[in-house]
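Reader: Hello! Could you walk me slowly through the sheet in this model and the helices that go with it, with the cut-offs behind each term?

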Amino acid sequence: MSVILQRERLGASSMAEQVLRNIGPIVLLGPPGAGKGTQSKRITEHYRIPQVSTGDLLREHVKQATPLGVQIRDLMARGELVSDHLVCDIVAWRLREPDVERGFILDGFPRTATQAVWLDSFLKFEFFETGKWAAWLPIVVCIKVDYNKLLLRITGRRTCPVDGTIYNVYSNPPLVDEICDKDGAKLVTRDDDREEVIRERLDAYERQTKPVAEHYQQLSRVVDVNGDLPLDEVTASIVRVIDHNAESAVGSN
Ligand SMILES: [Zn+2]
């Protein structure tokens with residue numbers, strides 16, 4: 001089902017209401033290869049809300065040599081990790097910009113239970129108690145994928161070293177095995193797409209995400225969506241979760 005069809009089904013007037021009302025904070029969780037980046041982009045476009053990415057913010061602070069950026073650069077130079085405290089400072093600074101007032105989607109944050117606890121109280125003080133929002137806890141959308149299907153999807157990837165075209169030996173094979181349709185170059189498997197690398201990244205994802213997912217599960221804020229469906233259907237599921245949440249919690253403003 002195409003996005004255009006879904007929009008027609010929603011109707012023009014309901015679309016206008018949806019893009020303008022308060023959506024609140026959204027956390028999107030999903031393992032590498034589950035299409036989180038694509039879905040995140042679609043959600044920001046659908047609701048016209050920004051994505052707040054801690055990776056981008058850290059890089060931007062370092063580049064502009066802000067006081068926080070200088071601290072981060074020094075930590076990195078010493079090979080130390082950026083502390084929860086510093087990451088939270090950076091997120092606080094970003095969430096005080098006016099463009100986040102209807103809502104935003106978080107990327108790479110919260111990454112630890114400490115960050116999640118901090119986020120909840122920040123949102124409470126800055127958005128709930130100031131009367132901007134009727135609720136403050138984020139809605140956590142978890143893109144669930146079948147582990148084995150995901151492995152096939154990623155390990156089936158072949159990349160053309162000449163023009164960067166990506167094929168998949170299972171779902172989108174080239175006309176001739178292992179050869180790029182466009183320029184005849186021999187396709188390669190990128191190191192990132194090798195099974196042992198993927199398994200390690202999936203395990204790391206599970207380990208990292210678990211404390212954050214558990215924190216929000218205890219607060220009944222986690223909704224799973226089926227990430228094995230086609231992209232458009234996954235987007236539609238995420239939109240339904242966010243709309244439902246906005247109606248029941250944040251919609252009164
Ligand atoms: Zn090529």
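Author: Gladly; here is the sheet, followed by the helices.

This is a predicted model, in which local features need pLDDT of at least 70, side-chain atom pairs count only at pLDDT 80 or more, and totals for chains, interfaces and linings use all residues. Residues are numbered from 1 along each chain as its sequence is written.

Let's start with the sheet. Five strands form an open sheet in the order β2-β3-β1-β4-β7, with parallel pairing. At its edges are β2 (51–53) and β7 (222–226), each of which pairs on one side only. From one strand to the next the twist averages 25°. Some terms: helices (H or I, at least four residues) and strands (E, at least two) are DSSP runs, numbered from the N terminus, and two strands pair if DSSP finds at least two bridges between them. In general, strands of a sheet pair through backbone hydrogen bonds, either parallel or antiparallel.

Now to β1. With β3, β1 pairs in the parallel sense over four bridges, and Gly24 has Gly103 in β3 as its bridge partner. With β4, β1 also pairs in the parallel sense over four bridges; here Val27 stands opposite Val140 in β4. β1 is mostly covered, with six of its six residues buried (20 or more other C-beta atoms, placed from the backbone, within 10 Å of the residue's own). Moving along, β4 (residues 139–144) pairs with β7 in the parallel sense over five bridges, and Lys144 has Asn226 in β7 as its bridge partner.

Next come the helices. Helix α3 (residues 36–47) lies across β1 (24–29), β2, β3 (103–107) and β4, and runs at about 170° to β3. Such angles run from 0 to 180 degrees between N-to-C directions, and axes are lines fitted to C-alpha atoms, for helices over the stretch in contact.

Helix α5 (residues 67–77) and helix α6 (residues 84–94) have axes that come within 11 Å and cross at roughly 150°. That makes α5 roughly antiparallel to α6 (angles over 145 degrees count as such). Their contact is made by Leu68, Gln71 and Ile72 of α5 and Leu86, Asp89 and Ile90 of α6, where contact means C-beta atoms, placed from the backbone, within 7 Å. By class, this contact of α5 with α6 has four nonpolar, one polar and one charged residues; Ala, Val, Leu, Ile, Met, Phe, Trp, Tyr, Cys and Pro count as nonpolar, Asp, Glu, Lys and Arg as charged, and the others, Gly among them, as polar.

Terms used: Two residues are in contact if their C-beta atoms, placed from the backbone, lie within 7 Å. Angles under 35 degrees count as roughly parallel, over 145 as roughly antiparallel, 65 to 115 as roughly perpendicular and the rest as oblique. A residue is buried if 20 or more other C-beta atoms lie within 10 Å of its own, exposed if 12 or fewer, and partly exposed in between; C-beta atoms are placed from the backbone.
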